[in-house]
Each structure stands twice: as C-alpha cells, then as structure tokens.
Amino acid sequence: MIKIISKSLIALLWGSLACGVIYPLMLTVFSQTFFRTQANGSLVIDAQRNVLGSFLLGQKFTSDRFFSGRPSASDYETLPSGASNLSQASTALREKINERAKQYRLAVSGTPADLLTASGSGLDPDISYESAILQIPRIASARKVPQERIAGIVRNLSRPQLPLFSKPRIVNVVMLNQAIEGDSSR
Amino acid sequence: MLSGELFWICALLLVAILLATICAKWLVWALSFTPKRPGSLISRAFGDYEPMNWKTYLASVLVFGFLGIIILATILMTQGFLPLNPMNLPGVPFDLALNTAVSFVTNTNWQAYSGENTLSYFSQMVGLGTQNFLSAATGIAVMAALARGIANQQERSLGNFWQDLARLTFLFLLPLSIIVAVLLVSQGVIQNLSAYLTATGIDRATQILPMGPAASQIAIKQLGSNGGGFFGVNSAHPFENPTFFSNAIQTIAIILIPMACPLVFGVLSGARRHGRTLFRVMFVMLAVLLGLSLVAEFSGNPSLQSAILEGKEMRFGAGLSVLWSVITTASSNGSVNAMISSLSPLAGGIALLNIMLGEVVFGGVGSGVYGMFLFAVLTVFIAGLMVGRSPEFLGKKIEAAEIKLAVIGVLIPSVLILTFSAFASVSKLGLNSVSHPGAHGLSEILYAFSSAAGNNGSAFGGLNANTKFYNYALAFSMFVGRYGVIAPVIALAGLLSCKRSVPSSAGTFPVSGVLFSTLLVGVVLIVGALTFFPALTLGPVAEHLMMLGK
C-alpha cells in the first residue's frame, strides 16, 4: 500500500511538471515567438497605441454611427460572459425576440435571426451579411456619408460562413466598425 | 438545411475516421513500447516495471485518483498564495474545490464555475491541465489492461499501471497535444501569461479582455475527452474557438482518440475483427443520432423559426453546432460550442440520450470501449440464454461472476442518475437552482446528473450548479460513476486473464459481424431506453409536444 502511495505521488509529481509546467510554458514561449498577435488576443490598437478591444470579441456598440452586433445575454461583459440558456420553446425567448424586432421596426419574420437572438458566448463578433445591409441607412445618415460607400466596406469585409460555399456570408462587426471609423476620419 | 453545412459535417467525420486509424497505430505502438537498452534514462522511464495482477492495478488506479483529488483541491483552495495569479483571485471555497477536483480527476470536467473570474493561471495549468492529461491516460490504461486480460492465457499480469501512464502521457498525449495546440494558436486561440487588459472600446464601451494560457489547455481538453473550458462558455468563447478552422480542428480532436480506441482494443486483445465491429456499431449509432438531432434542430420551433440561432455563434452556424453537440455528448467530452439548453427540445433530448446510453457511442478515451465491453458481455450472455449454451467471449467462458460484475458496471451510472434526479426534482435544494419551470426544468436536473454520472461534463446551462447541494451531490455522482465502472472492469479483466481460451466451435456465438452488432445495439438501446424513457418523456419529449401545441 505504501508502495502504491509513493508511486502515485511520484507520478503526480512528474505529471504536474511535464503536463502542467513544461508543456504550457514551452507552448507560451513558442506562441509568443511565432504567433505573437494571435497568442495575445488579436488586439485592435489605434494610432496612439491604445487597446480598443479584440477583433475576436464582440463589443458593445450603442451609437447610431456604428453597426450593432448581436444581442448579448451578458451585455458584452467578459468576467464572465454568458448566454441566455433560454429554451427555444420558452415564452421568455418569444417575448425577447418580439421586443428586439420592434427595435428594428420590422416583423419578426422579416428580421435576420442573428439580430433577434443572443449568442452562445455573449461575445459573438459576427453578424450575417443581411444584418449588416439592414443597418447601412442608419449609419450612413448618422455619419453623413453616401450609403454606397458604407455598403462597399461591408462587401469587402464580408466572408463566407463556411469555406468553399459562397453563401451565406457573415461579417465581423468589430472589424467593420473599426474600418468605417478609419474611413470617416480620413 | 444548407448543403454547405451537410458537406462540412460529412467532411469532418471522414477526416476524423482517417486520422483515427492513424492514431490507432500510434497508440498501439505507445502502449507496447519497451525500451531496448537497459539502464538508460528512457529505459528507466518506460521499462523497469513489475507486472501487476488485477488487484494491484485497480488499487494503483484508485489511490492515484484519490491523491490526485486531494492535491488538486488543495491547489484550488490555496491559489491565492500560489504564483501566476495576476488577477489576485482568492482561493476557491471547499465545496467548489472538491467538486472541481473530482470533476477533473474523473475525466468528467463538469464546471460549476467560470474560469475567467475564478481560477488563476497556476490552477488552470498545473492543477487542471495536469489532470486533463493524467485522467485521459488513466482511461486508456484501464482499456489496455482489459485488452491484455482478454489476450492472456492463464496469466495474472495486466501490465503495469505506472508504465502505461508514462507511455500514454509522453509517447502519445503530449506530442499530439502540442500539434493541436500549435494549430489552435495559429487560428487566434490565446496563449500568454499576461494580466487582463482593459480595452477602451471603439464606441467607448470599456471592456476587460481576459487573458491566459488557453491553447495548451484546449488541445488536451478536446483530445482527452475532458471538455473543461478555459472560459465559462467553453468553446463558444471566441478566445477558445475563434474561427471555422479552429472549430473544425477541435471537432475532430474531440472524436479522434475515442474513434481510435475500439481499433486499439481489437489489436491489443488479439481480436481485430471484434475491434472493427465495435467501431462500426458505434459509428452507425452516432450517425443515426446525429441525423435525428439535425432533423430536430432544423425543424425547430415552427411558430418561432428565428429562435434557432439562440445560444449559437455566427462563425459556426447551426449545422456545425449540432454536430458538436452530438459528438461531445456521445464521446463523453462535454465541451460545447453552442448552448445545449437553447437547442430545440428534441435535439437537447438527443444530447441527453447520448449520455444516458452509458457513454458508449465512442464514449470517452478508453472508457467508451470498456463501457461497451460490459454491454458486449451482457449481449453474449443473452445470446447464450437464447440457445441454451454457456456463453463465451473471445474464447473465454463467461460465468456467473463475470455477469455479476458486468451488471454492476452497467447499473451504477443509471442508479446514480435516477436517484439523484428524483431527489433533486422534489426537494427545495434541487429546485432552487432551476431556471425554467416545468419540463425544461426537469431536463436541466436530469442533464446535470447524467453528465456527472456518465463522466461527460457538458452542462445544459440554465441550472445554477454552484450550490452546496449540487457541488457535493454531483461530485459524489462523478466519483462513483467513474470508479464504480472501472473497478468491475478491472476485476473482469483479472478473471478473464486467469482463464484458458477454449477453441471456438460451430456452436460459438461470434462477437463480430452483423448478428452480434444488431444484438449489441439492441442491448444498449433496451438498457438505456427502459431505464430512462419515462424520465425523457417527462422532460424533452413533453417540452417538444407543448411547443407544438402553442
């Protein structure tokens, strides 16, 4: 018995050293050398070296000058972020969906589903191409630029949801808003 | 459904099968690795071990697990005094630390907390990361011991647990994890030791950006059918799973080793055909369950079609989210890329059923095969009863003692799930944590105990599981659900090991081929369905019918 206990402790010791210390630290050094940007969170940094966010994490956009992202159950909080976990059959979700459609002054069936539903992470950075198109008039009038100009940026930044299939398309809202902000300030 | 989603679902499964056959060869090599030159460092690490009989093997697994729990719980409770804690997070309370420690040591990886606001980098790396490897290696080791027991002729040795642990960790899991982790970092999964950043926001909405060594953790979380996320929302979090490709890599990583295991089992037990038969049975069951789940999800709520994207991420879409939900529950992994609570009631029900079937539709690394082995023993027993012949399994006579052990192993998870769920659904302690009333609420409770007893670890969401009652009750379920199956399996291996093979005759029931496969599926479904059908009817099925009635 004592032999088994001492063997267990030895195995836990080498296990912790190899798997818990050396492996993650070596990988950190490797990543910081070869994938610096990715390993540090794909940050959005402005000309004054301020961190504005991450291209991977959705953030809160309230002004009319920016595209809105998907609804977030945790309101784009990160510590922790979260989902609604509402059942598709629940009344609570039905009410939320009706309420969100009203914001866009559209019927539920006529609004892209991603703008009516909260994401799984609460930090989804993407919206559907249709959801971006829908918001162009609002942003163009707030920024006093032609709609065509904004539509061009949306088109450029949109990407297929699944590789090899051109439709449906999605667009990263953080990248999009960063791009139109840069375009306007030029 | 879109053709693109169907294409990628099939493509990912095909790639997974291909890579699994390669991994199976690698795993067989690792499990039989014996160094040639005595005295060298390699020889000391992998060679000089005494053979163990089943009692010593089992005692080693149990003591190793028990000490692992104590050490992990201690790390979690004292993280405030330990290094690599840039956010100065305090120690974890006892009930949560115990639950988490049991959870990671039993390869369940149920999480009653969110990593980003609870755990230091030290706890994540040295605490959880270590057990991600060791618990996975333990599962595969037990499967290897069982296979050796079947192959043996009147011997007592099942191999050496410490040797298996070293071989699996250093020759297989670590190198494979490094490959996957590097691929993930290239996609944008974070890997650093920085303090959290404060971002000012493009629209001036301040946001704290959590940081940490995530990629190293996520590689083994998927490969080892662990499933415990670095962040609370698991692989739905963009820092854990940022792109289509990171999602594809993780999807394959979830099912890779579970798919390789039946093939490895076949080779090590000297019954390749039986191994391939197990693989086919598991794959057919997986494909059927996946098909049903896709139909259920894309039919959705007919009066509220928009609801399909609730709890899902745009970069994955509905199809790949359903694929993930099926393989993660079928393979005892438990990570999620979309919230299972917000799947349509029947798709959520299939996730639940996958766990209730005993985690044998590929199941966890190692554990899926030894779980399925128990069902296979029952199958040859039932087939033997039908023709009035004493049953044999791969040449070994199956007698009363073997059947008793198999029944114990099959029943323990079911008893845990039903007893605790029944108690929780009528007591204040259980009901206070439920977020939906009625049928969905029952699903939340059932899912939690199924996930724990089946060592899956996925969560239905909605249930507030970080209470004293759930932390202790789920920790108990995880512990007994793991070791209550491992113990009879190793004992069975010991009994079979001591027997001599009887040559097969015309009357022997073959354990490969269509007849055996059909009976095996029948036994798995009958045990799962008869045990859980009433509960499933009151949960997901009732919710589905009520939804259609609206």
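In what order do the three strands of the open sheet in chain A lie, and is the pairing parallel or antiparallel? The tour reaches the sheet after a look at the whole of chain A. Keep in mind that this is a predicted model.

**Stop 1: chain A as a whole**

Select chain A and colour by secondary structure. Six helices and five strands should appear. Followed along the sequence, they come in the pattern α-α-β-β-α-β-α-α-β-β-α. Chain A is more spread out than a compact globule, because its radius of gyration is 22 Å, well over the 16 Å that the globule rule gives for 186 residues. Turn the chain to view its principal axes: the C-alpha trace spans about 75 × 45 × 35 Å along them. Of the 186 residues in chain A, 46% are buried.

**Stop 2: the sheet in chain A**

Now select β3, β4 and β5 of chain A. These three strands form an open sheet in the order β3-β5-β4, and the pairing is antiparallel. The edges are held by β3 (126-128) and β4 (159-160) of chain A; each has a single partner strand, so one side of each has no neighbour in the sheet. In general, strands of a sheet pair through backbone hydrogen bonds.

Zoom in on β4(A) and strand β5 (residues 169-172) of chain A. Two bridges join these antiparallel strands. To find one pairing, pick R159(A): its bridge partner in β5(A) is I170(A).

Add helix α4 (residues 129-143) of chain A to the selection. This helix packs on the sheet and touches β3 and β5 of chain A. The direction of α4(A) makes about 80 degrees with that of β3(A).

**Stop 3: chain B as a whole**

Switch to chain B, which has 18 helices and four strands. Its radius of gyration is 23 Å, which agrees with a compact globule of 550 residues, for which the value would be near 24 Å. The C-alpha trace of chain B spans about 75 × 65 × 45 Å along its principal axes. Here 64% of the 550 residues count as buried. Among contacts in chain B between residues at least 6 apart in sequence, 77% join residues at least 24 apart.

**Stop 4: a helix in chain B**

Select residues 367-387 of chain B, which make up helix α13. From first C-alpha to last, the 21 residues of α13(B) reach 31 Å, close to the 30 Å expected at 1.5 Å a residue.

Is this helix enclosed or exposed? Show the surrounding residues: α13(B) is largely enclosed by the rest of the structure, because 15 of its 21 residues are buried.

Finish at G388(B), which follows α13(B) and has a positive phi, near 70 degrees.

Technical notes: Residues numbered from 1 in each chain as written. Chains lettered and ligands numbered in written order. Predicted model: local features only at pLDDT ≥ 70, side-chain atom pairs only at ≥ 80, totals over all residues. Rg over C-alpha atoms; globule rule 2.2 N^0.38 Å. Buried ≥ 20, exposed ≤ 12 C-beta atoms within 10 Å, placed from the backbone. Contact = placed C-beta atoms within 7 Å. Expected span 1.5 Å × (residues − 1). Pairing = 2+ DSSP bridges. Axes fitted to C-alpha atoms, helices over the stretch in contact; angles between N-to-C directions.
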